[in-house]
Amino acid sequence: MRTLFAALAISLIATSCGGGAGIGSSSGGGNAGAGSLLNVQVAGSAMSKVRPTQQGWVGMAETLRRLTDYTAPDRHLVLSADGAGGSGQWSPPAGWSLIDFAVHPSGHISAVLANQVSIRLVRLSATGAVLAESDFTDPAALTDPYIGDEIYLRNPNALVPHATRDAVRIAPVGEQLAMVLRTGRNAVVAYRLVHGAAGYQASWRTLVEPGVAIGSVFITGGTFDPFSGLENQWRLAMDVDARGRIAVAVLMNRTELAAGHAQHFGEPVSPNVVHGAILTVVAENGQRSPSTVIDTGRRPEIHAVKWLGDKVAVGGRVFTESRADGTGWDGLVAVADPYLRTLRPIQLLDVDRGDVVFDFAAAPGGQLLAVGSTGYVQNPAGASISEDAAPMAALLDADGKFVRRIPMVSAPRHNQVRSVFAWKDGRWLAAGMQEGPGTHTGDDNLALIKANGFVRDFRADQ
């Protein structure tokens with residue numbers, strides 16, 4: 001393994017100044033899992049999300065890009081009509097980036113696209129045919145509160161922040177849609193969208209967080225960001241339950257969110273909380289509940305949110321300890337009761353050296369299924385991540401405590417499980433990447449910034 005460390009990362013409160021894939025399938029595959037029914041390989045693209053459909057599944061594939069190009073992700077949908085190999089693809093039009101997608105009970109697919117300033121919503125059939133599309137507008141976004149000096153805002157009139165387009169998340173509520181985004185004013189807003197003849201229209205909008213100054217992070221070397229950690233402060237994580245309630249987690253690190261949240265909502269955040277996130281629930285009618293502060297103690301990243309009945313699990317990773325060997329990051333699991341504004345003890349997943357949680361699924365018996373990556377090392381004084389990492393899947397109890405690891409097929413180079421969802425017959429769908437790069441893999445040859453994606457099923461009870 002190459003040593004892939006760079007110098008110290010720099011954090012500033014300011015705004016940053018700065019194709020299709022071959023698809024193959026096979027059965028079997030170890031614990032792609034034991035007795036696996038599905039093992040689809042997507043050559044040349046990582047898979048970042050997967051959802052089942054009536055007869056098959058839909059996945060989001062992404063061509064990996066170097067750090068300087070990543071503000072505009074290169075993604076497309078892979079569609080499987082029969083539950084086996086991918087049978088079709090859908091890509092956004094030129095100038096637009098696919099950000100997220102959702103699958104409705106009818107089999108229709110909603111996709112949200114973004115360019116540098118705007119958002120577009122597209123309705124697709126199960127086979128990827130465009131049924132309708134419309135640009136999303138929100139005049140109220142221009143007047144959402146901003147707490148701080150607006151000199152730091154590069155494009156306050158945009159519906160996405162300047163630093164990244166990847167700040168929109170959608171989820172189905174029957175045939176309707178829940179959407180949460182961060183605007184160019186850095187405000188976080190939730191919507192319920194209804195699809196009709198005029199496209200998607202908002203039945204309500206709710207301010208989740210006011211706009212605040214957000215800090216950029218620069219590294220002194222490196223060409224790829226394996227966990228998108230350098231822009232994690234602009235992203236958000238959300239989930240919607242069967243009732244239509246939205247849970248949103250927003251990172252506090254490298255932002256002025258603690259002060260801005262307290263000032264706007266009158267919900268004080270202790271000055272002792274330096275690192276963490278703010279979790280907010282928006283009811284099915286758009287009513288916002290008082291937020292829950294997640295104090296992680298050390299610097300985290302937030303990647304996942306999942307409803308567990310009336311509780312919510314928040315996941316990611318946390319810099320537990322600066323260790324000379326670069327193994328100081330652990331997976332983060334925080335289970336909150338948002339209506340009581342309380343947290344169960346925060347759990348750290350230390351499976352193998354470095355660990356990160358990318359997604360959750362609610363498992364039978366109140367347990368929680370977590371997926372991500374493990375076995376990597378990182379510069380203890382910076383942001384460089386090694387190109388060696390193994391896939392991670394783990395069963396957790398209702399408090400988020402580690403129960404056992406679930407074996408997954410691993411390739412020699414960087415492995416990640418990015419998405420997990422309940423499938424059929426007690427099986428789970430998983431999507432991710434293998435043979436991926438580390439931070440410095442492409443420094444001398446950009447062609448090495450590549451990965452192969454997968455969609456597999458597995459059992460968690462064996």
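Two strands count as a pair if DSSP finds at least two bridges between them. Keep that in mind, as strand pairing comes up again and again in this predicted model. The chain has one helix and 34 strands, and its radius of gyration is 20 Å, close to the 23 Å that the globule rule gives for 462 residues, so the chain is as compact as a globular protein of that length. Here's a tour, going from the whole chain down to single residues.

**The whole chain**

- Picture a box of roughly 60 × 55 × 45 Å, taken along the principal axes: the C-alpha atoms of the chain fill it.
- Of the 462 residues in the chain, 60% are buried.
- The chain exposes about 16,500 Å², and carbon and sulfur atoms supply 52% of that area.
- As for charge, there are 39 positive and 42 negative side chains. The centres of these two sets lie 2 Å apart.

**The sheet that starts with E4**

- A quick reminder before we dig in: strands of a sheet pair through backbone hydrogen bonds, either parallel or antiparallel.
- Strand E4 covers residues 46-52, and six of its seven residues are buried, so E4 is largely enclosed by the rest of the structure.
- Next to E4 comes strand E5 (residues 57-63); the two run antiparallel and are joined by six bridges.
- For a concrete example of that pairing, find valine 50, whose bridge partner in E5 is glycine 59.
- E4 and E5 form a hairpin, with four residues between them.
- Zoom out and you'll see an open sheet of four strands in the order E4-E5-E6-E7, with antiparallel pairing.
- E4 and strand E7 (88-90) stand at the edges of this sheet, each with a single partner strand, so one side of each is left without a neighbour in the sheet.
- From one strand to the next, the twist in this sheet averages 25°.
- Over at the E7 end, three bridges join E7 to strand E6 (residues 74-80), and these two run antiparallel.
- Leucine 77 is a good residue to look up here, since its bridge partner in E7 is tryptophan 90.

**The sheet that starts with E8**

- Another open sheet of four strands has the order E8-E9-E10-E11, again with antiparallel pairing.
- Its edges are strand E8 (97-103) and strand E11 (130-136); each has a single partner strand, so one side of each is left without a neighbour in the sheet.
- The twist here averages 20° from one strand to the next.
- E8 and strand E9 (residues 109-114) run antiparallel, with six bridges joining them.
- To spot this pairing in the model, look for alanine 102, which stands opposite serine 110 in E9.

**Strand E34 and its partners**

- Strand E34 spans residues 452-459, and seven of its eight residues are buried, so E34 is largely enclosed by the rest of the structure.
- One of its partners is strand E3 (residues 39-43), which pairs with E34 in the antiparallel sense over four bridges.
- Within that pair, asparagine 39 has arginine 456 in E34 as its bridge partner.
- Strand E33 also runs antiparallel to E34, and eight bridges join the two.
- Here you can check tryptophan 428, whose bridge partner in E34 is phenylalanine 458.

**Two loop residues with positive phi**

- Asparagine 186 has a phi near 70°, a positive value in a residue other than glycine.
- You'll find asparagine 186 in the loop between strand E14 (176-182) and strand E15 (188-196).
- Buried means under 20% relative accessible area, so asparagine 186, at 3% relative accessibility, counts as buried.
- Aspartate 425 isn't a glycine either, yet it has a positive phi of about 55°.
- Its home is the loop between strand E32 (414-422) and strand E33 (427-436).
- Exposed means over 50%, so aspartate 425, with a relative accessible area of 61%, is exposed.

**One last residue to look up**

- Arginine 205 is found in strand E16 (residues 199-209).
- With 27% relative accessibility, arginine 205 counts as partly exposed.
- Arginine 205 and tryptophan 234 are 29 residues apart along the chain, and their C-alpha atoms are separated by 20 Å.

Key. Residues are numbered from 1 along each chain as its sequence is written. This is a predicted model: local features need pLDDT of at least 70, side-chain atom pairs count only at pLDDT 80 or more; totals for chains, interfaces and linings use all residues. Side-chain values use heavy atoms; hydrogens and water are left out. Buried means under 20% relative accessible area, exposed over 50%, partly exposed in between (1.4 Å probe, protein chains only). The radius of gyration is taken over C-alpha atoms; the globule rule is 2.2 Å times the number of residues to the power 0.38. Accessible areas come from the Shrake-Rupley method with a 1.4 Å probe; for residues, only the protein chains shown count as cover. Lys and Arg count as positive and Asp and Glu as negative; His and the chain ends are not counted. The place of a charge is taken as NZ of Lys, CZ of Arg, CG of Asp or CD of Glu. Axes are lines fitted to C-alpha atoms, for helices over the stretch in contact, and angles run from 0 to 180 degrees between N-to-C directions.
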